[in-house]
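Subject: Structure handover

Hello,

Here is the structure we talked about. Please open it alongside this email; my notes follow below.

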Amino acid sequence: MAADPPAALHLLREGALTVHGRLADASNAALYCSVTLDGRTAQAVYKPVAGERPLWDFPDGTLAGREVAAYELAAATGWALIPPTVLRDGPHGPGMVQLWVEPDPEAAPLLALQDPQGPEEGWLPIVHAEVGGGRTALLVHPDDPRLRRLAVLDAVLNNADRKGGHLIPAADGRIYGIDHGVTFNTEGKLRTLLWGWAGQPLPDEALEVLAGLAGQLDGALGERLAPHLTAAELATARARVDGLRRSGRHPVPSEDWPSIPWPPV
């Protein structure tokens, strides 16, 4: 259903939500569910606000709303980078409900360890990693335009947690990003594995999308984000879009904030 966002959003908002279990690796409560409406059923992830762990740098009870805001902004790019996501009531109170996207087991890997002297053709470097025995390897990701779009999106969202496990290659050929609760902070917190294009010029399509976002953030998109973000967070998102357009380049890692999430996968 990810290919039909209006139908997916209607199902997620109005369908009966049934919890089947908890995703054990999630740091906050993340529940695997089915949602059913008018004979149609889909799988979803439900993250109740009551299950959010307090964080020192994000206000309590705001992560679900940030996930919805991230979806709304991603949808406005036209790139379909985040599965349909809504904020609604559920069995454990209000929370984020997102369409479940099953990873394609036949998809090519999105991360690899290669010779520390440099990446193989078609791959881009992220960071040197210790692999034991005093040896190092180069952690790399593919030079893939789908990942590049996610790198641009993360720069706008100020995503503080783009782990490898938050990248889902799907059978429809898309790569979806998930887990966007720690986004839209007013301080620079970009922490990602998608550094392969750091400092490089932004593609023309990215500049066109950023120009569109600039206008939409001052209009209908900004109105959709406002219930989930503070005025300062919304203003800073606009400023990040403007900054990317002025520089015309992918951001580079900050010296004041860890650039790689932990654990990275």
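One cut-off first: a residue counts as exposed when its relative accessible area is over 50%, as buried when that area is under 20%, and as partly exposed in between. Keep in mind that this is a predicted model.

**Helix α1**

Start at helix α1, residues 5-14. Its buried residues are Ala8, Leu9, Leu11 and Leu12. Viewed down the axis of α1, they fall within an arc of 165°, so they line one face of the helix. Pro6 and Glu14 sit on the other side of α1 and are exposed.

What covers the buried residues? The cover of α1 includes the strands β2 (31-37), β3 (40-48), β4 (85-90) and β5 (93-99). Helix α2 (63-77) is also part of that cover.

**Helix α2 and its partners**

Take α3 as a partner of α2. The two helices pack at an angle of about 130°, with their axes 11 Å apart. That angle makes α2 oblique to α3. The crossing of α2 past α3 is right-handed. On the α2 side, the contact has Ala70, Leu73 and Ala74; on the α3 side, Leu153, Val156 and Leu157. By class, that contact has six nonpolar residues, no polar ones and no charged ones.

Now α4 as a partner of α2. Their axes come within 9 Å and cross at roughly 125°. α2 and α4 are therefore oblique to each other. α2 passes α4 in a right-handed crossing. Leu73, Ala76 and Thr77 of α2 meet Val209, Leu213, Gln216 and Leu217 of α4. The class count for α2 with α4 is five nonpolar, two polar and no charged residues.

Leu73 is worth selecting in your viewer. Leu73 meets residues of α3, and Leu73 is also in the contact with α4.

One charged side chain in α2 deserves a look. Glutamate 72 is placed in this helix. Is it buried or exposed? Glutamate 72 is buried, with a relative accessible area of 16%. Leaving out residues up to four places away in sequence, glutamate 72 touches Leu221, Arg224 and Leu225.

**α4 against α6**

Helix α4 covers residues 204-217, and helix α6 covers residues 231-247. The axes of α4 and α6 come within 9 Å and cross at roughly 155°. The cut-off for roughly antiparallel is an angle over 145 degrees. α4 and α6 are therefore roughly antiparallel to each other. The crossing of α4 past α6 is left-handed.

α4 brings Leu210, Ala211, Leu213, Ala214 and Leu217 to this contact. α6 brings Leu234, Ala237, Arg238, Val241, Asp242, Leu244 and Arg245. By class, the contact has nine nonpolar, no polar and three charged residues. Leu213 and Leu217 meet α6 here; both are also in the contact of α4 with α2.

Just before α6, look at threonine 230, in the loop between α5 (220-225) and α6. Threonine 230 is partly exposed, at 40% relative accessibility. Its C-alpha atom is 11 Å from that of arginine 66, although the two are 164 residues apart along the chain.

**Two positive phi values**

Which backbone angles should you check? Aspartate 38 has phi near 50°, a positive value in a residue other than glycine. Aspartate 38 lies in the loop between β2 and β3. It is exposed, with a relative accessible area of 75%.

Asparagine 158 also has a positive phi, about 60°, and is not a glycine. Asparagine 158 lies in the loop between α3 (145-157) and β9 (167-169). At 4% relative accessibility, asparagine 158 counts as buried.

**Tryptophan 123**

Last stop: tryptophan 123, in strand β7, residues 123-132. The C-alpha atoms of tryptophan 123 and aspartate 143 are separated by 5.2 Å, with their positions 20 residues apart along the chain. Not counting residues up to four places away in sequence, tryptophan 123 touches Pro109, Leu110, Leu111, Ala112 and Gln114. Val140, His141, Pro142 and Asp143 are also among its contacts.

Best wishes

How values were computed
Residues numbered from 1 in each chain as written. Predicted model: local features only at pLDDT ≥ 70, side-chain atom pairs only at ≥ 80, totals over all residues. Heavy atoms only, no water. Axes fitted to C-alpha atoms, helices over the stretch in contact; angles between N-to-C directions. Helix = DSSP H or I, 4+ residues; strand = E, 2+ residues; numbered from the N terminus. Parallel < 35°, antiparallel > 145°, perpendicular 65-115°, else oblique. Left-handed = near helix turned anticlockwise from the far one by under 90°. Contact = heavy atoms within 4.5 Å. Nonpolar A, V, L, I, M, F, W, Y, C, P; charged D, E, K, R; others polar. Buried < 20%, exposed > 50% of the residue type's maximum accessible area, 1.4 Å probe, protein only. Arc of directions from axis to C-beta.
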